[in-house]
Amino acid sequence: MAGPCSVESEDQVLETAHGVVAAGATMLRGGAFKPRTSPDAFQGLGEIGLAHLRNAKAQTGLPVVTEVLDPRQVELVSATADMLQVGSRNMQNTPLLRELGGCDKPVLLKRGASATVDELLGAADYILEAGNSQVVLCERGIRSFDPSTRYLLDLAVVPNLRSRTGLPVVVDPSHGTGRPDLILPMALGALAVGADGLLIEVHPAPELALSDGHQALTIGAFSALMDEIRQWIPASGRYLSLLAQPAAD
Ligand code: PEP
Ligand code: MN
């Protein structure tokens with residue numbers, strides 16, 4: 001899953017979508033509704049952003065994962081999203097989790113920055129017990145004392161979760177490190193410990209990004225990462241999924 005932190009413009013999303021699909025991504029990510037630390041920061045394009053994502057999906061065939069912030073938005077966002085993302089800030093927003101339990105789309109549940117494994121699994125149970133069995137767990141880094149990385153990417157949580165649940169587990173080395181130079185090694189590490197997928201932020205011009213530009217890979221760097229991953233796949237005992245081809249009429 002690859003794409004920008006935020007949907008910023010039609011051109012930005014289209015350029016990224018074409019770039020990541022050519023590199024081998026099988027889902028497009030991008031936030032239309034953004035949970036920002038400051039209320040003064042860019043909050044996302046909202047419904048216009050969703051329209052840009054639909055357009056990118058129509059042009060590339062990439063299914064879309066995008067964040068939902070509020071239970072009242074679930075219907076709106078699920079009309080565009082193939083998978084709904086619950087961000088780390090909302091992991092324990094129980095009204096949101098319950099609402100997603102009634103939805104027929106998969107949910108990407110990101111671990112809260114200070115959430116224990118029990119708390120993450122408890123949050124997943126809110127969705128599962130409300131009737132939606134399609135939950136994907138995402139490790140995206142936890143708080144640590146060390147400012148040399150944005151968060152501390154907890155790779156041990158992958159086999160730890162695997163011993164407790166059959167739910168798929170994906171890893172987000174972009175937020176987990178906040179550093180483009182650490183994304184490739186941690187992506188390979190995630191594969192080695194059994195992750196089912198990766199969530200990676202990619203921007204055509206990271207220096208111009210309206211959110212998380214410091215950690216975004218360029219399209220070229222993402223393509224190089226995918227080339228490297230392809231070489232490690234046989235050793236990991238896993239396989240890379242291919243983008244489903246649209247059914248012929
Ligand atoms: C994101 O995926 O852009 C995001 C906001 O992630 P997180 O909720 O993990 O901070
Ligand atoms: Mn981000």
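Author: A molecule sits in a pocket if more than half of its atoms lie within 2 Å of the pocket's grid points. A pocket is an open set of points on a 1 Å grid over the protein atoms alone, with room for a 1.4 Å probe and protein on both sides within 12 Å along at least five of seven lines. Ligand 1 meets this in the second largest pocket. The model is predicted: local features need pLDDT of at least 70, side-chain atom pairs 80 or more, while totals for chains, interfaces and linings use all residues. Residues are numbered from 1 along each chain, chains lettered from A and ligands numbered from 1 as written, and side-chain values use heavy atoms, without hydrogens and water.

Reader: What makes Arg140 a polar contact of ligand 1?

Author: The limit is 3.5 Å between N or O atoms. A polar side-chain atom of Arg140 is 2.6 Å from a ligand oxygen, and Arg89 at 3.1 Å and His175 at 3.2 Å also qualify.

Reader: Why are Cys5, His175, Glu201 and Asp212 called donors of the manganese ion (ligand 2)?

Author: Donors are N, O and S atoms within 2.8 Å of the metal (3.2 Å for Na, K and Ca). Cys5 (SG), His175 (NE2), Glu201 (OE) and Asp212 (OD) lie 2.1 to 2.4 Å away, and therefore count. Their spacing is C-x169-H-x25-E-x10-D.

Methods. A polar contact is a pair of N or O atoms within 3.5 Å; within protein, one must be able to donate a hydrogen and the other to accept it, and residues adjacent in sequence count only if both atoms are side-chain atoms. On a 1 Å grid over the protein atoms alone, a cavity is a set of points where a 1.4 Å probe fits but cannot get out, and a pocket is an open set with protein on both sides within 12 Å along at least five of seven lines; lining residues have an atom within 4 Å of a point.
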